[in-house]
Structures are given as C-alpha cells and as structure tokens.
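Biologist: Hello! I am new to this structure, so could you show it to me and let me ask how each label is justified?

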Amino acid sequence: MKSGNGSVSARIREVVRTIPPGRVASYGDVAAAAGNPRASRAVVWALRSAPDTDPAGRLPWHRVVNRAGSVSAHEGQELQRVLLEAEGVEFGLAGTIDMERYRWRF
DNA sequence: CGTATGACGAGCC
DNA sequence: AGGCTCGCCATAC
C-alpha cells in the first residue's frame, strides 16, 4: 500500500505542506513537528517515497534541508536551490542557508 | 520477526 | 575540513 494515509509518513507530508514559501525546516524539525524529534530518517523515507504517491499533493520537499542548512537531496539539488531562491531564500557562498533566519518555527 | 533502505544527526578521528 | 560510525525511526519484503 502506499504507505498510506493515517501513517506517520502521511503526517510528515502534512507537516511539510505547512512550511510556507521562503521558509525552510530541517528533517529533524519536521520529525519533531510530526511527533518524533528523532525520526529524521522517517522523514527521509517519507519524502523519498512521497513524490510518486502525491503528484497532485505537491509536497514542497524543497523546503526541507539538513540541519546545517545545506541541500542534501540525492538529486535535483540545483532545482531545490533554485526553487528556494525563487521564494526568497538566500544561500551563502558555501551553499548553505542561514537557518537562524529562514528556519520555519512550527 | 529479521534484514535492508534512506534526501538525517551527532559524535569521533 | 573531510570522512566514518553509531543511533533512531518508519516502511518494505
């Protein structure tokens, strides 16, 4: 089954949808908002599997970065960065985001 | 139930 | 700074 709804993964996706444009959140933040501050890997799994399960759900996965404020996407890191910059998120020379400034507070 | 996967996080060297 | 190990979690098979 699609890992279905009602599951933690579904909850994670909802949390991610809560992140407004121009804001970012770390995997750990999303996990915490979903109920488990240590389930960052569950978030990875959820986002890793979600795209195909919610083509219409448009999950703003690009707003989720690692704690260091850098893009860890397995692919499409450029796309992720472009999308974020388009929303107003600035990247440092090291390719990192100022989490203190753009981190979304749930 | 045991093993493997995954875009993490924190710690250690 | 860069790289590796271990811990945590949810899901799939």
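Biologist: What makes the pair formed by a polar backbone atom of Ala42 and a base nitrogen of DNA strand B a polar contact?

Modeller: The two atoms are 3.5 Å apart. A polar contact is a pair of N or O atoms within 3.5 Å; within protein, one must be able to donate a hydrogen and the other to accept it, and residues adjacent in sequence count only if both atoms are side-chain atoms. The Ala42 pair therefore qualifies. Do keep in mind that this is a predicted model, where local features need pLDDT of at least 70 and side-chain atom pairs count only at pLDDT 80 or more, while totals for chains, interfaces and linings use all residues. Residues are numbered from 1 along each chain as written, chains are lettered from A and ligands numbered from 1 in the order written, and side-chain values use heavy atoms, without hydrogens and water.

Biologist: Which polar atom of Tyr27 lies 2.9 Å from a base nitrogen of DNA strand B, side-chain or backbone?

Modeller: For Tyr27 it is a side-chain atom. Arg41, in contrast, places a polar backbone atom 2.4 Å from a base nitrogen of that strand.

Biologist: Which elements give two or more residues to the surface near DNA strand B?

Modeller: They are helix H2 (27-34) and helix H3 (40-53). Near means that a heavy atom of the residue lies within 4 Å, and helices are DSSP runs of H or I with at least four residues, strands runs of E with at least two, numbered from the N terminus. H3 gives the largest share, seven residues.

Biologist: Why is His62 called buried?

Modeller: Buried means under 20% relative accessible area, exposed over 50%, and partly exposed in between (1.4 Å probe, protein chains only). His62 has 9% relative accessibility, so it counts as buried. This residue sits in the loop between H3 and strand S2 (64-65), and its side chain makes a polar contact of 3.2 Å with the side chain of Glu87.

Biologist: What makes a group of residues a nonpolar core?

Modeller: It is a set of buried Ala, Val, Leu, Ile, Met, Phe, Trp, Tyr and Cys residues joined through side-chain atoms within 4.5 Å. The largest one here has 16 residues, and Ile12, Val16, Val30, Val43, Leu47 and Val64 have the most contacts inside it. Helix H1 (8-18), H2 and H3 each supply at least two of its residues. A second, separate core of ten residues includes Leu84, Phe91, Ile97 and Met99.
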